[in-house]
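Mentor: Let us practise giving reasons. Ask why a label applies, and I will set the value against the rule.

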Amino acid sequence: MIKAAKVVLGLGLVALAACGGNPETKRDTSTTGTIGISVDETFQPIIESQVSTFEGIYKYANINAQYKAEGKVFDDLINDSTRIAIVSRKMTDQEKEVFDQRKITPRYTRIAIDAVALIVNNKNQDTLLTMSELRDIFTGKITSWKQLNPESSLRDIAIVFDNNNSSTARYMRDTLMAGQPLPTTASASNSHPALIDYVAKNENAIGVIGVNWISDRDDTTSLNFLNQVKVVGVSAEDNPVTTDSYFQPYQAYIAQGEYPLRRFWYIISTEGRAGLGTGFASYVASDRGQRIILKSGLVPATMPVRIVGFNNRASKFRQD
């Protein structure tokens with residue numbers, strides 16, 4: 001009887017370890033261990049929340065998130081400094097070739113639909129811009145607010161990004177500038193809070209920022225940022241006849257595709273097995289992780305949603 005009891009106990013310990021319940025295990029599992037992940041710094045507010053919640057659920061999981069400019073995140077993947085990256089684009093053919101040579105197939109998990117927001121100073125009355133006007137601003141054809149509005153009291157337009165190597169700068173080059181270099185009037189701040197502060201203090205500025213920094217209306221930091229600046233409404237039409245053609249980067253308009261400056265978020269995994277990075281990616285794409293995306297003001301990528309409209313305009317976004 002004693003021998004039988006020892007066998008049962010031994011099997012129980014093996015099962016516990018297999019389930020990832022042993023904090024002493026050196027090899028990470030989907031819910032235990034320690035890993036580093038590289039994250040586009042544009043996504044910092046939401047990913048901090050995702051990591052904190054995940055670690056709260058799985059007490060033996062430790063995720064060290066490093067927030068960097070997009071270019072450096074991809075450098076980390078290429079150099080094998082990380083095997084989990086959170087970014088707003090897929091790999092280029094040249095980047096894929098590196099992993100083809102290593103016989104590794106990167107896995108993509110789409111986690112959210114995001115937007116690039118444009119912000120201006122509170123004194124600026126020109127808060128409605130068309131995509132064609134934005135192209136002219138970001139290619140240097142329009143350099144003064146008076147070219148957009150002769151009655152404007154503002155002067156030369158000052159474009160500011162979070163970082164010249166950021167995903168928002170790359171997105172604007174790809175979307176509006178056909179890959180052309182940024183105009184000489186563009187500059188970069190040291191951080192997203194610094195970008196918002198710059199726009200708040202400079203009436204001629206227009207800032208380019210990831211919308212999740214200003215989208216969570218339950219977050220005091222987001223609300224504080226929104227009080228300092230105005231968010232620009234954008235129209236895809238060249239000659240809108242009504243202000244109803246302009247849309248701000250609100251959740252409903254992002255979901256419906258009416259706000260034109262949209263993009264997707266991906267978790268890229270180069271793990272060769274089901275490790276902690278895979279577990280975290282699965283969590284973010286799960287119902288609980290997608291609810292965090294929803295609350296933040298972005299659009300979940302893997303859960304059904306519905307739009308509730310009032311007066312023929314979508315004003316609320318809800319989960320089914």
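Mentor: Start with strands: two of them pair if DSSP finds at least two bridges between them. Keep in mind that this is a predicted model.

Trainee: What makes β4 and strand β9 (residues 229-231) a pair?

Mentor: Three bridges join them, and they run antiparallel. The rule asks for at least two, so β4 and β9 pair. One bridge sets Val120 opposite Lys230 in β9.

Trainee: How do you know that β4 pairs with strand β12 (residues 299-300)?

Mentor: Two bridges join β4 to β12, again antiparallel. At least two are needed, so the rule is met. Ile113 faces Val299 there.

Trainee: Which other strands pair with β4?

Mentor: Strand β11 (residues 262-269) does, antiparallel, over eight bridges. In that pairing, Arg107 stands opposite Ser269. Strand β8 (residues 205-210) is also antiparallel to β4, with five bridges. Leu118 has Val208 as its partner in β8.

Trainee: Why is β4 called largely enclosed?

Mentor: Count its buried residues. Eleven of the 15 residues in β4 (residues 107-121) are buried, so the rest of the structure largely encloses the strand.

Trainee: On to charges. What makes Glu95 and Arg89 a salt bridge?

Mentor: Their side chains meet at 3.0 Å, N to O. The cut-off is within 4 Å, so the label holds.

Trainee: Is Glu95 buried or exposed, and how do you know?

Mentor: Its relative accessibility is 14%. Buried means under 20%, so Glu95 is buried. Arg89 has 18%, so Arg89 counts as buried too.

Trainee: Why do Asp287 and Arg291 lie about one helical turn apart?

Mentor: Both are in helix α12 (residues 287-296), and four residues separate them, which means about one turn. Their side chains form a salt bridge at 2.8 Å, N to O.

Trainee: Why is Asp287 called partly exposed?

Mentor: Its value is 41%. That falls between the 20% and 50% limits, so the label fits. Arg291, at 40%, is partly exposed by the rule as well.

Mentor: Salt bridges can also share partners. Here they join Glu70, Arg89, Glu95, Arg170 and Asp174 into one network. Within it, Arg170 and Asp174 have their closest N and O atoms 3.4 Å apart. In total, the count is eleven salt bridges.

Trainee: Now rings. How many aromatic pairs are there?

Mentor: Eight by the rule.

Trainee: What makes the pair of Phe54 and Phe280 edge-to-face?

Mentor: The ring centres are 5.4 Å apart, and the planes make 85 degrees. Centres must lie within 6.5 Å, and planes over 60 degrees apart count as edge-to-face, so both tests are passed. The two residues are 226 residues apart: Phe54 is in helix α2 (residues 44-57), Phe280 in helix α11 (residues 276-285).

Trainee: Why is Phe54 called buried?

Mentor: Its relative accessibility is 0%, under the 20% limit, so Phe54 is buried. Phe280 is at 0% and is buried too.

Trainee: Why is the pair of Tyr250 and Tyr253 called tilted?

Mentor: The angle between the planes is 35 degrees. That is neither under 30 nor over 60, so the pair is tilted.

Trainee: How do you know that Arg110 sits over the ring of Phe264?

Mentor: Arg110 lies over the face of Phe264, 3.9 Å from the ring centre. The distance limit is within 6 Å, so that test is passed.

Key:
Residues numbered from 1 in each chain as written. Predicted model: local features only at pLDDT ≥ 70, side-chain atom pairs only at ≥ 80, totals over all residues. Heavy atoms only, no water. Buried < 20%, exposed > 50% of the residue type's maximum accessible area, 1.4 Å probe, protein only. Phe/Tyr/Trp six-rings, centres within 6.5 Å; stacked < 30°, edge-to-face > 60°. Lys NZ or Arg CZ within 6 Å of the ring centre and 35° of its normal.
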